[in-house]
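Let's take a walk through this protein together, beginning at its metal site and moving outward. Please keep the viewer open as you read.

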Amino acid sequence: MKKTPIAALLILIHILPSPIFAQQKVPILIYHSIDKYNGLGSKELYVTPQNFEEQMRYLRDHGFTLFTFERWQDMNKVNKPIFITFDDGYKNNWNVIEIFQKLRNERFQPTATFFVISDFIGRSNRLSQSDLKRIAVEGMISIQSHTATHPDLTKVENYPYELKVSKDKIEQITNKPVVALAYPFGAVNKKVIEETKKYYSFGVTTIPEKFQKTGGKDELYLLPRIYIKYSTSLEEFAKIVEVE
Ligand SMILES: [Zn+2]
């Protein structure tokens, strides 16, 4: 009689999903420029360094683990995984590194993904080859592909140039694997997924929701991402990243 509750409990422990392995909703955030708005282009594609630092401090102080695509299979082993991504390879993304260096400590190891456009590397307001080399060696940032020329991939013909040549060029610069592609404008269809699969393990869109594993055939090529904007307040940021 006395043993029954313990036996029942043991059975329950085996039946109930462990919280570590439970399917969690994972936010993948998208940023562009981390800088003061200079009046050029769309203001909402900027986040000030001050706001970005507050947002990253929030993640640090609320137990998030910043993650990159190479470590995808380890995602369920960590607490509150989140991806921080930057599109277009702007020079001002150096501010990200500076802020990460300021915030990192033994417990919080910030990391992010820069999606760079391979033909734009070295343009005046973009990261140069030597920037990317330095960033890759420093090790906090994963540098991935945002194609060669930033076309709408649903309308191009030369997939090998946009997908393979860009990947090869970035790998040559960083000496690290390129496994993820950010579709320009978030534009994707069946054909684009089919071509992306030849060279990449992941494709990221701008579908504004958190990732939740469904086992769908192409889910790793339709990863959603949520914009953080110039106007996003810290309260809104907290709502976006916290699991509801
Ligand atoms: Zn872009």
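## The zinc site

Aspartate 88 and histidine 146 are both buried, where buried means under 20% relative accessible area, exposed means over 50%, and partly exposed lies in between (1.4 Å probe, protein chains only). Before going further, please note that this is a predicted model, in which local features need pLDDT of at least 70 and side-chain atom pairs count only at pLDDT 80 or more, while totals for chains, interfaces and linings use all residues. Residues are numbered from 1 along each chain as its sequence is written, and side-chain values use heavy atoms, with hydrogens and water left out.

Which protein atoms hold the zinc ion as donors? They are OD of Asp88, NE2 of His146 and NE2 of His150, at 2.1 to 2.2 Å from the metal. Donors here are N, O and S atoms within 2.8 Å of the metal (3.2 Å for Na, K and Ca); water is not among the atoms, so sites may look incomplete. Along the chain, the zinc donors are spaced as D-x57-H-x3-H. Aspartate 88 sits in the loop between strand E5 (81–87) and helix H3 (94–103), and histidine 146 in the loop between strand E7 (141–145) and helix H5 (159–174), so this pair ties together parts that are 58 residues apart in sequence. The element names come from DSSP runs, numbered from the N terminus: helices are H or I runs of at least four residues, and strands are E runs of at least two.

Histidine 150 is also in the loop between E7 and H5. Its relative accessibility is 17%, so histidine 150 counts as buried. The backbone of histidine 150 deserves a look too: phi is near 65°, a positive value in a residue other than glycine. Most residues other than glycine have a negative phi. Phenylalanine 185 also has a positive phi, near 60°, and is found in the loop between strand E8 (180–182) and helix H6 (190–197). At 57% relative accessibility, phenylalanine 185 counts as exposed.

## The strands behind the site

Now turn to E5. Is this strand mostly covered or mostly open? It is mostly covered, with 7 of its 7 residues buried. Pro81, Phe83, Thr85 and Asp87 point one way from E5, Ile82, Ile84 and Phe86 point the other way, and all are buried.

Strands count as paired if DSSP finds at least two bridges between them. Strand E1 (residues 28–31) runs parallel to E5, joined by 4 bridges, and leucine 29 stands opposite isoleucine 84 of E5. Strand E4 (residues 65–67) also runs parallel to E5, with 3 bridges; here leucine 66 has isoleucine 82 as its bridge partner. E5 pairs with strand E6 (residues 112–116) in the parallel sense over 3 bridges, and aspartate 87 finds its bridge partner in phenylalanine 115.

E5, H3 and E6 form a right-handed β-α-β unit. Right-handed means that, with the strands pointing away from the viewer, the path from the first strand over the helix to the second runs clockwise. In E6, 5 of 5 residues are buried. E6 and E7 pair in the parallel sense over 5 bridges, with threonine 113 opposite serine 142. From E6 the chain crosses through helix H4 (residues 129–138) to E7, and this β-α-β crossover is right-handed.

## Salt bridges

How many salt bridges are there? The count comes to 16, taking a salt bridge as a side-chain nitrogen of Lys or Arg within 4 Å of a carboxyl oxygen of Asp or Glu. The table lists some of them.

| Acidic residue | Basic residue | Closest N to O |
|---|---|---|
| Asp168 | Lys164 | 2.7 Å |
| Glu195 | Lys198 | 3.0 Å |
| Asp218 | Lys217 | 3.7 Å |

Aspartate 218 is buried at 17% relative accessible area, whereas lysine 217 is exposed at 73%. Elsewhere, salt bridges that share partners join Glu53, Arg57 and Lys102 into one network. Aspartate 168 and lysine 164 both lie in helix H5, 4 residues apart, about one turn of the helix. Glutamate 195 is buried at 6% relative accessibility, while its partner lysine 198 is exposed at 52%.
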